[in-house]
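Got your viewer open? Please load the model and keep the selection panel at hand.

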Amino acid sequence: MATLTQSQIYTLAVIMGMPNPRVMAAIAMAESSGRSDVVNPIGATGLWQIDQPVHVKEHPTWTKEWLKNPVNNAIATKSVLKSQGLTAWEAYTNGAYAKYLNKKVSQDKAITTG
């Protein structure tokens, strides 16, 4: 899969209607460095490192392969964000996302225009 830029992730967060898309893009960069295919040792998968082993019980379609798709990962992220808030992400609670907050991001026209 692809490595997305912070602007591409920001655009995805905007399109998905996530609150605070700048913060969510920073979290994704801190969690995965923009790599949509990354799986950590405990099974957290994709851009926002969704904890697949935990969430698959409630969401059986959230397989590791499904979560590697950036759009699917954003769908899962929005669901987790709604139910758990920002503290669901270690990069938020430990402050690692903050180093990405000052990066200039803008909507990626390639994503918004197809």
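Here is a walk through the model, one selection at a time. Bear in mind that this is a predicted model.

**First stop: helix H1**

Select residues 6-15, which form helix H1. Is this helix enclosed by the rest of the structure, and how many of its residues are buried? Seven of the 10 residues of H1 are buried, so the helix is largely enclosed by the rest of the structure. Colour the buried ones to see them: Gln-6, Ser-7, Ile-9, Tyr-10, Thr-11, Leu-12 and Ala-13. Just after H1, look for Gly-17, which has a positive phi near 75°.

**Second stop: the nonpolar core**

Stay with Ile-9 and show its surroundings. Setting aside neighbours within four places in sequence, Ile-9 is in contact with Leu-4, Ala-25, Ala-28, Met-29, Gly-34, Leu-47 and Trp-48. Now widen the selection to the largest nonpolar core, which has 27 residues. The members that touch the most others are Ile-9, Met-24, Trp-48, Ile-50 and Trp-89. H1, helix H2 (21-32) and H5 each supply at least two residues of this core, and H2 gives the most, with seven. As background, nonpolar side chains tend to be buried together in soluble globular proteins.

**Third stop: Tyr-97**

Next, select Tyr-97, in the loop between H6 and helix H7 (98-101). Is this residue buried or exposed? Tyr-97 has a relative accessible area of 15%, and it counts as buried because that value is under the 20% limit. Not counting residues up to four places away in sequence, Tyr-97 touches Val-23, Ala-26, Ile-27, Ala-30, Ala-91 and Tyr-92. Try a distance label too: the C-alpha atoms of Tyr-97 and Ala-28 are 7.9 Å apart, although 69 residues separate the two along the chain.

**Fourth stop: two residues with positive phi**

Most residues other than glycine have a negative phi. Two loop residues are worth a look here. Ser-33 is not a glycine, yet its phi is positive, about 55°. You will find Ser-33 in the loop between H2 and strand S1 (44-45), where it is partly exposed, with a relative accessible area of 45%. Then jump to Gln-49, in the loop between S1 and S2. Gln-49 also has a positive phi, near 50°, and is a residue other than glycine. With a relative accessible area of 10%, Gln-49 is buried.

**Fifth stop: the largest pocket**

Keep Gln-49 selected and turn on a pocket display. The largest pocket has a volume of about 280 Å³. Which residues are closest to its centre? Of the 17 that line it, they are Glu-31, Ala-44, Gln-49, Asp-51 and Ala-88. Strand S2 (50-51), helix H3 (52-55), helix H5 (70-84) and helix H6 (90-93) each contribute at least two residues to the lining. Colour the lining by character and you should get nine nonpolar, five polar and three charged residues.

**Last stop: a tryptophan pair**

The structure holds two aromatic pairs. For one of them, select Trp-62 and Trp-66. Their ring centres are 6.2 Å apart and their planes meet at 5°, so this pair is stacked. Switch on a surface to look at their surroundings: Trp-62 is buried, with a relative accessible area of 5%, whereas Trp-66 is partly exposed at 23%.

Methods
Residues numbered from 1 in each chain as written. Predicted model: local features only at pLDDT ≥ 70, side-chain atom pairs only at ≥ 80, totals over all residues. Heavy atoms only, no water. 1 Å grid on protein atoms, 1.4 Å probe; cavity = no way out; pocket = protein on both sides within 12 Å on 5 of 7 lines; lining within 4 Å. Points joined across faces, edges and corners; volume = space filled by probe spheres on them. Helix = DSSP H or I, 4+ residues; strand = E, 2+ residues; numbered from the N terminus. Nonpolar A, V, L, I, M, F, W, Y, C, P; charged D, E, K, R; others polar. Core = buried A, V, L, I, M, F, W, Y, C linked by side-chain atoms within 4.5 Å. Buried < 20%, exposed > 50% of the residue type's maximum accessible area, 1.4 Å probe, protein only. Contact = heavy atoms within 4.5 Å. Phe/Tyr/Trp six-rings, centres within 6.5 Å; stacked < 30°, edge-to-face > 60°.
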